[in-house]
Amino acid sequence: MSATADLVLTGQYVVTMDGQQRVIEEGGVAIAGDTILDVGKGADLLARHPQARVMTEPHGLIMPGLINVHTHAAMSLFRGLADDLELMQWLQDYIFPLEATLSGEVVYQGTLLSIAEMIKSGTTSFCDMYLFAGDVARAVEESGMRAWIGEVLYDFPSPNYGELENGFAYTRQLLARYRSHPLINITVDPHAVYTCSPHLLTRLGDLAREEGALYVIHLAENEAEVRTCRERYGRSPVDHLESLGLLGPQVVADHCVMLTNAEIELLARRGVKVAHCPESNLKLASGIAPVVQMLEAGICVGIGTDGSASNNDVDMFGEMNTTAKIHKVDRLDPTVMSAATTLHAATMGGARVLGAEQLIGSLEPGKKADCIVLDLNQPHLTPIYNPISHLVYAARGGDVIHSVINGRVVMEQRRLLTIDEPAILARASEIGASFRQARNGG
């Protein structure tokens, strides 16, 4: 690591999210290449690194970039197309038929659209599970974001790879191509227990173990999934994966809304990580995941937005706000899911879910330089008594003014620097018009 910083960020506060939960007033972050060199008082850092580029925000709050642990980024193109429906009707009557018409280029454009929204609302890392994953990766590379990316596999043919065996070949190619990439990790992604046979689930588990990859799966998302699994296999989704020997620390279980006490204890014992997607679960009326109980049991929980077709955005500040509030009312206890607990889930919790807690999730020397700066000089953020409280209960994605990912400034004063926002919006509008025409039989 260089002893001289290339970039120094300074502001009114630095919220480190380190082990001591330090909040440094008039603080700063010094960055050398892709790595955080030092965190401390802004004046001290400026004195130590006089040659560095300086980005100073007198009313700025510097914090780790948010980590969105469950997305379907390209579904930004389906936003508002099918709302107010229950999960299985939404999937089978609207989403699956539309997805059958997708191409790699459309997925690429939809992913760019979500990436633009994510960067502008404070997300620096995301875990994506979708089709045409190679084109998702292409968009990620272009943008400079950090991502975990997987091609979803299921029993029926895919609009991307066709028959299932081709899906295994496609996944292996992605694993090989991105094995040493600094920003992209490939995951192994069975869709769900109701779309994947036991044989497919097991084969993908073997592949994930062989490659040291995360095993990402929708799990126990709603009552219908649990009922279907019991009818087919005589077990709940969680018990089904346990019977197949698949539960373990490499598993990222998305949603986990319908869990028994025994299943929570089992997930904790196996070291399974959970992606909590409250707004999608609320909108689809899937239920409220027992996150407070999961955390009490020692399960690592991160926060995700799910896709924009069921949320309908990828704003992690909004997701944090919802996360904190729904668990208070669910438990009728205002002390649960505190601002500090919620912010941890969106930063260090998310990093742990993705097995990246040594690299990202907090602002500490030696970690990768993924950080964002918010403008606090606004009516809804004034006055400030507790910065962490403001981040969860008052801040919005639009308050983010700068974003640095892997040491690279990707947004400055809300202007995206790595991708062409006007061109992305224009192309997304064109694709939306074609979807509308197809739906209307044009």
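In this predicted model, the largest pocket holds about 400 Å³ of space, and of the 25 residues that line this pocket, Trp 148, Asn 185, Ile 186, Gly 212 and Ala 213 are the closest to its centre. Two or more residues of that lining come from each of strand E8 (146–153), helix H5 (164–177), strand E9 (184–190) and helix H6 (198–211), with E9 giving the most, namely four residues.

The second largest pocket, with about 150 Å³ of space, is lined by Ser 76, Leu 77, Arg 79, Gly 80, Leu 81, Gly 432, Phe 435, Arg 436 and Arg 439.

Turning to enclosed space, the structure holds two cavities of 30 Å³ or more. The largest cavity contains about 210 Å³ of space, and among the 19 residues that line this cavity, His 72, Met 75, Leu 91, His 191 and His 218 are the closest to its centre. Helix H2 (87–99) and strand E7 (123–130) each supply at least two residues of this lining, and H2 gives the most, with six residues.

About 30 Å³ of space lies in the second largest cavity, whose lining is made up of Pro 64, Gly 65, Ile 67, Thr 124, Ile 360, Gly 361, Ser 362, Lys 368 and Asp 370.

The table sets out the linings by residue class.

| Site | Nonpolar | Polar | Charged |
|---|---|---|---|
| Largest pocket | 15 residues | six residues | four residues |
| Second largest pocket | three residues | three residues | three residues |
| Largest cavity | twelve residues | four residues | three residues |
| Second largest cavity | three residues | four residues | two residues |

Note on methods
Residues numbered from 1 in each chain as written. Predicted model: local features only at pLDDT ≥ 70, side-chain atom pairs only at ≥ 80, totals over all residues. Heavy atoms only, no water. 1 Å grid on protein atoms, 1.4 Å probe; cavity = no way out; pocket = protein on both sides within 12 Å on 5 of 7 lines; lining within 4 Å. Points joined across faces, edges and corners; volume = space filled by probe spheres on them. Nonpolar A, V, L, I, M, F, W, Y, C, P; charged D, E, K, R; others polar.
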